[in-house]
Amino acid sequence: MTAMHMILCLIPPLIALLMLSRRWGHPWRLRLPLFSLDHAAIDSTLLVEPRRMTAAHLPFEATAQPRLQSGALLWASAATVTHSLAGGADQAAILAAVKPLGFTPEKFLARCPILQAVEQNGLRGYIVRDGNGQRAYFLGEPVALLAACAYVWEQEERVKTPQDAERIPRGEGLYGLAMAPVENGCPGPMTYLGSLQITAPAMDPSVVEALLPPRWRLSVGLTEAPPAALRISSQPEGMNCFTADSPDWMDRLAEGFTRSRVELRQLVRLLTAQLILGFAGLVWQVPAWLVPVAGLLLLPIVNAPFTPKLSLRHIAALVWALMWPVAIGCFMRYAAPESSGLMLALIASAACVGTVPRSWRITLPCAAALAALTWLIFQPELISAAFCLIAGVLLGLPLRLLYPMECS
């Protein structure tokens, strides 16, 4: 009988584990509970930082961030007006690069609104109102843009020289900027302002490793990952994987690990409450099948807040949970040895522990229906049944108020 009570105590926690695992959808795909893993493997292509400006050239010398001067202001004006012509992934990076100079689209375009799009020498740009006149700003590949320009802005406007073509930067992610005066809707000679480079710098794997739980290991590359490892990639990989298909994937990964820790504590809390219920059922000698049936009323505590810190009141609650069933069991065997009223006490205890503010409308009616059905089938005496209901409440309520299962 003892073994059967303890074995049946595991049924509600297993049901809770199934419920929790089914809540893990995209971007997670888990065959094993996350808290059962201890290794993660990440696709090396994900180890890049968000795209940002890594170099600004005014017009040819590289700097991390331009200083507030005339050439930088024209460069930032051109970048603000033409940022929508860049690649979709680079537009936000361009705006972030000019923001330290005080440029935002809303502020700048309110003063210099865009009048029309323009194309000259195969280069695209926009004409804006500039004071009482108009000016065109262009964005394109730096070599092609410089070839179309007649002037270069280097501290001040000067005529382009043949040596300028040798000084122009080359590489990936480069956007050249130029401007031109506008007369009668037609851009005049273009002036090269400089360029900026947008890249995604390599990320240190320790940044991702810091997001993992303690004692987890991180390896770079999916080919050598063990079967039970969590695979972090841009596409679903296997049955234990995290799909990093959004820019905030690291935040979502950290959030998932936090959620997993909370759910593990919830399962431990549910298992502890179920074992206390099983101990009471064993002492009261109720049928073993009633332990998991009443334990189903504990499932709502899986979604309840958790108080992980152990204190003296938790110890007092555990002592109460062990002493009270023994005392009530001894009294009932003396006063009404043949009564089955302690079955109602078990149901009342589970109802008190499992009732949370968000589920009392379901838990309490289910507990009342189960108690009424038990009373009709086993027909305990009215006085002993009432006494056992009160005894069950006096076991469940202190546990709910004192033990870390508190929900209020």
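Reader: How many bridges join strand 2 to strand 14, and do the two run parallel or antiparallel?

Author: Three bridges join strand 2 to strand 14 (residues 230-233), and the two strands run parallel. One of the residue pairs involved is Ile42 with Ile232, the latter being its bridge partner in strand 14. This is a predicted model, and everything below is computed from it.

Reader: Which sheet do these strands belong to, and in what order do its strands lie?

Author: The sheet is open, has five strands in the order 1-15-14-2-13, and its pairing is mixed. Strand 1 (28-29) and strand 13 (217-220) are the edge strands, each pairing on one side only.

Reader: What should I keep in mind about side chains when I look at a strand in a sheet?

Author: Side chains in a regular strand alternate between the two faces of the sheet. For a case to look at here, take strand 12 and its partners.

Reader: Which strands pair with strand 12, and in which sense?

Author: Strand 3 (residues 52-57) pairs with strand 12 in the antiparallel sense over five bridges. Strand 10 (residues 174-183) is also antiparallel to strand 12, over six bridges. Strand 8 runs parallel to strand 12, and two bridges join them.

Reader: Which residues would I pick to check those pairings in the viewer?

Author: Start from Ser195 in strand 12, which is the bridge partner of His57. Gly176 stands opposite Ser195 as well. For the parallel pairing, select Tyr151, whose bridge partner in strand 12 is Thr191.

Reader: Is strand 12 largely enclosed or largely open, and why?

Author: Count its buried residues. Eight of the nine residues of strand 12 (residues 191-199) are buried, so the strand is largely enclosed by the rest of the structure.

Reader: How do I read burial for a single residue, such as Asp164 or Thr45: buried or exposed?

Author: Use relative accessibility, with buried meaning under 20% and exposed meaning over 50%. Asp164 has 1% relative accessibility and therefore counts as buried. Asp164 lies in helix 7 (residues 164-167). Apart from its neighbours within four places in sequence, Asp164 is in contact with Phe60, Leu146, Val152 and Arg158. Thr45 has 53% relative accessibility, so it counts as exposed. Thr45 lies in the loop between strand 2 (39-42) and strand 3.

Reader: What separates Thr45 from Val393 in space and along the chain?

Author: Their C-alpha atoms are separated by 58 Å, and the two residues are 348 residues apart along the chain.

Reader: How do I read the overall form of the chain, and why is it described as spread out?

Author: Begin with the inventory: the chain has 14 helices and 15 strands. Its radius of gyration is 35 Å, well over the 22 Å that the globule rule gives for 408 residues, so the chain is more spread out than a compact globule. Along the principal axes, its C-alpha atoms fill a box of roughly 110 × 50 × 35 Å. Of the 408 residues, 47% count as buried. Among contacts with a separation of 6 or more, 72% come from residues 24 or more positions apart.

Reader: How many cavities of 30 Å³ or more are there, and what lines the largest?

Author: The structure holds one cavity of 30 Å³ or more. The largest cavity contains about 50 Å³ of space. Its lining has 10 residues, with Ala273, Ile276, Leu277, Val353 and Leu399 nearest its centre. Helix 9 (249-284), helix 12 (342-354) and helix 14 (382-402) are the elements that give two or more residues to this lining. By class, the lining of the largest cavity has eight nonpolar residues, two polar and no charged.

Reader: What are the volumes and linings of the two largest pockets?

Author: The largest pocket holds about 340 Å³ of space. It is lined by 16 residues, and Val48, Glu49, Pro50, Pro247 and Trp249 are the closest to its centre. Its lining divides into nine nonpolar, two polar and five charged residues.

The second largest pocket has a volume of about 290 Å³. Of its 17 lining residues, Leu58, Pro59, Arg67, Gln69 and Gln155 are the closest to the centre. Strand 4 (62-63), helix 3 (70-82) and strand 8 (151-154) each supply at least two residues of that lining. The lining of the second largest pocket has seven nonpolar, six polar and four charged residues.

Key:
Residues numbered from 1 in each chain as written. Predicted model: local features only at pLDDT ≥ 70, side-chain atom pairs only at ≥ 80, totals over all residues. Heavy atoms only, no water. 1 Å grid on protein atoms, 1.4 Å probe; cavity = no way out; pocket = protein on both sides within 12 Å on 5 of 7 lines; lining within 4 Å. Points joined across faces, edges and corners; volume = space filled by probe spheres on them. Helix = DSSP H or I, 4+ residues; strand = E, 2+ residues; numbered from the N terminus. Nonpolar A, V, L, I, M, F, W, Y, C, P; charged D, E, K, R; others polar. Buried < 20%, exposed > 50% of the residue type's maximum accessible area, 1.4 Å probe, protein only. Pairing = 2+ DSSP bridges. Rg over C-alpha atoms; globule rule 2.2 N^0.38 Å. Contact = heavy atoms within 4.5 Å.
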